[in-house]
Amino acid sequence: MTTKRAVIVGVNDYSVQGYNSLRFCVADAAAMYHMLVDAFGFAPQDIFYLTDGAATSTRIRQALRYCVTQSEPGDVICFYYSGHGARVPHPVVPTQMFETIIPFSGQHISDHEIHSLADSLDPSIANFTIILDSCHSGGMHDESEIARRARSPQFSAELIQRLSQCRTLLPCGICLPPANRSVMDNNIRSVATRNTGVVVEEDNTRRLVQQAKSTLIAASSAAEVAMETEILGHGLLTKSFLDLVNASNFSVDHHHLIDSLTTSVAALMTRHFPGQRQTPQLRGQANRMEQNFLEGWRDSR
């Protein structure tokens, strides 16, 4: 029997981290909690719900570790995060950077940390799905209204300088083993200046890789920002999920899901942020995309 476990995180308050706070990430988390329970059959007792002061780096990692260690063949783990994202330099390789998510307090969480928590997870038997309603392109936007609704804080001048040298970007949430990170080498096609920062354009052919241990749905591409607006009361990716998933026992494969989310987010961007783009991304395991979202795997492969 399949057991579905989840870690749901929403952070509005970034006063401890020193970043601008957001407005609708806790509302996103609450809505996703009900969506997982009502439409996908998650039991409330199997969900960790962490918002603002409870959403520390330590607590998030502890919750994920528990879900991973408890999982058996056929089980499902969902990690949902709504909040700021960022980028941090690789500690050794100057041309590499990690994308991260930013908790209420404590260290940023990158794919390196997520993989270390899920190192024991066999991706052929357990469905580990990560949904990030955040972005990681903080240096590219200015102090406009759009910037204040973007889910990435402004980058420092030092970080922007490091980004200008970036040739490899390691996405947060694909759970890529360190020994296999070379599949992402030189995945940045170009680096260009925009407003007060830089924009990186990535090689789209490496969004799905065989070596990943998880499936990731991210709110935007590496060159875009993820938006929220008071008119919707949610982030655009989360709002699109809520509009799409409107029934109990909802079922959709990953390809149709990302197509529907992309269409919905594009329409919301046209309505609320004309002239701007936000394109949801499907990343991670290449061999599971025809199977259904948040369902246990039907076979081992």
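How many bridges join strand β1 to strand β3, and do the two run parallel or antiparallel? In this predicted model, seven bridges hold the pairing, with β1 spanning residues 4-10, β3 spanning residues 76-82, and the two strands running parallel. Within that pairing, Val7 sits opposite Phe79 of β3.

Zooming out, both strands belong to an open sheet of seven strands, ordered β2-β1-β3-β7-β12-β15-β11. Pairing across the sheet is mixed. At the margins are β2 (47-51) and β11 (208-209), the edge strands, each of which pairs on one side only. As for what packs on the sheet, helix α2, made up of residues 57-70, lies across β1, β2, β3 and β7 (127-133). Relative to β1, helix α2 runs at about 170°.

Then there is the empty space. Rolling a probe the size of a water molecule over the atoms shows where such space is left. Three cavities of 30 Å³ or more turn up in the model. The second largest cavity comes out at about 40 Å³. Its lining consists of Phe98, Asp111, His112, Leu170, Pro171, Leu176 and Arg181. Sorted by class, that makes four nonpolar residues, one polar residue and two charged ones.

How far to trust all this is a matter of confidence scores. The protein chain averages a pLDDT of 88, and 90% of the residues score at least 70. Residues 139-144 are a weak spot, with pLDDT below 50. Even so, this stretch has 28 contacts in the model beyond near neighbours in sequence.

Technical notes: Residues numbered from 1 in each chain as written. Predicted model: local features only at pLDDT ≥ 70, side-chain atom pairs only at ≥ 80, totals over all residues. Heavy atoms only, no water. pLDDT = per-residue confidence, 0-100. Contact = heavy atoms within 4.5 Å. 1 Å grid on protein atoms, 1.4 Å probe; cavity = no way out; pocket = protein on both sides within 12 Å on 5 of 7 lines; lining within 4 Å. Points joined across faces, edges and corners; volume = space filled by probe spheres on them. Nonpolar A, V, L, I, M, F, W, Y, C, P; charged D, E, K, R; others polar. Pairing = 2+ DSSP bridges. Helix = DSSP H or I, 4+ residues; strand = E, 2+ residues; numbered from the N terminus. Axes fitted to C-alpha atoms, helices over the stretch in contact; angles between N-to-C directions.
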